[in-house]
Amino acid sequence: KMATVSLSFNIDSPRWDQSTFAGRLKHFLNITDPRTVLVPEEELDQAKALVEGCRAGLVPPGSSQEQLLYAKKLYDSAFHPDSGEKMNLIGRMSFQVPGGMAITGCMLQFYRTVPAVVFWQWVNQSFNAFVNYTNRNAASPISVRQIGVAYVTATSAALATAVGLNLYTKRAPPLLARWVPFAAVAAANCVNIPMMRQQEIINGITVTDENNNELGRSRRAAVKGIAQVVLSRITMAAPGMIILPIIMERLEKFTFMQRIRVLHGPLQVLLCGGFLLFMVPAACALFPQRCSLALADLEVELRDSIMAKHGDKVPCVYFNKGL
């Protein structure tokens, strides 16, 4: 017999404490589970209907708390937290492990020639553009032209860094050349994410009080959120792209590895997957998704407006930083 749902159950209440890294890590291990990318569209839509019904107090008779929590997991993995719209598959954080492992593994394997560097950096930036657009703060629309400019700028930054460093490290120790892809990825992230989310910096993003009541729009909040996302994305890539080249360089000295060169690429892809399986949720958990900013750090006009309406009852504001 199924256990019924408690009257005090709130489907939007976090299962784990989001003020701690451990709590956020458990949360993102749950919603970035790569197995959710295999869930059929129909089941995702059913999960959304169940979550929205639960929010309205319309829980189907006989539903268990476990069913509702699984529906919320699917909902969080596939639907945007701001708009509630279904995200494209490639842009979901749950696709970061299968997508990222394939691209990162190939970047690390094919780093020696300029054409290979150009191709795989282009593939990576195309993938990043999907991810950054999908996980933006949805309250700040961006035009097709701005998306195009962001994509071209970030791709150019990645290619310039990768090709430039590739030529520079030709006489350097082999390990340095293996780290070139990471340098290019880090440089591109510093360009791609702010460019893709430029509307947030230009117009500000919606900030709320503790109870989600809108207080206005803040550019400083947008800058803080985007800076945290950039740092998270670089952290996500760092262990695999820094440690894996060291592992591969050691392995390639063994005779048996020299005999199976054709398997080096697939091996790097699998090892990248192992790193990303942990690093995707860990990097997402570095900072709370519901970010806060002290009232004193807001723009003067917004701060004065909030103080005029609420006095000292609002010590800080909250906003979705994106992922």
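**Entry 1, the strand pair.** I looked up strands β1 (residues 205-208) and β2 (residues 214-218) and found that they run antiparallel and are joined by 4 bridges; strands here are DSSP runs of E with at least two residues, helices are runs of H or I with at least four residues, and both are numbered from the N terminus. Two strands pair if DSSP finds at least two bridges between them. I noted that Thr206 stands opposite Arg217 in β2, and that the hairpin has 5 residues between the strands, with Asn212 taking a positive phi near 70 degrees.

**Entry 2, what I am reading.** I remind myself that this is a predicted model, in which local features need pLDDT of at least 70 and side-chain atom pairs count only at pLDDT 80 or more, while totals for chains, interfaces and linings use all residues. Residues are numbered from 1 along each chain as its sequence is written, and side-chain values use heavy atoms, with hydrogens and water left out.

**Entry 3, salt bridges around Glu41.** I searched for salt bridges (a side-chain nitrogen of Lys or Arg within 4 Å of a carboxyl oxygen of Asp or Glu), and by this rule the count comes to 11. One of them joins the side chains of Glu41 and Lys86 at 2.7 Å, N to O; Glu41 sits in helix α2 and Lys86 in the loop between α3 (65-78) and α4 (96-109), 45 residues apart. Glu41 also meets Arg92 in a salt bridge at 3.9 Å, N to O, and this pair is 51 residues apart, with Arg92 in the loop between α3 and α4.

Which side chain meets Lys86 in a salt bridge at 2.9 Å? I found that it is Asp45, and because Asp45 lies in helix α2 and Lys86 in the loop between α3 and α4, the pair ties together parts that are 41 residues apart in sequence.

**Entry 4, buried or not.** I used relative accessible area with a 1.4 Å probe and protein chains only, where buried means under 20%, exposed over 50%, and partly exposed in between. Arg92 is buried at 4%, whereas Glu41 is partly exposed at 43%, as is Lys86 at 29% and Asp45 at 39%.

**Entry 5, Asp33.** I located Asp33 in the loop between α1 (21-31) and α2 (41-55). Is Asp33 buried or exposed? Asp33 counts as buried because its relative accessibility is 9%.
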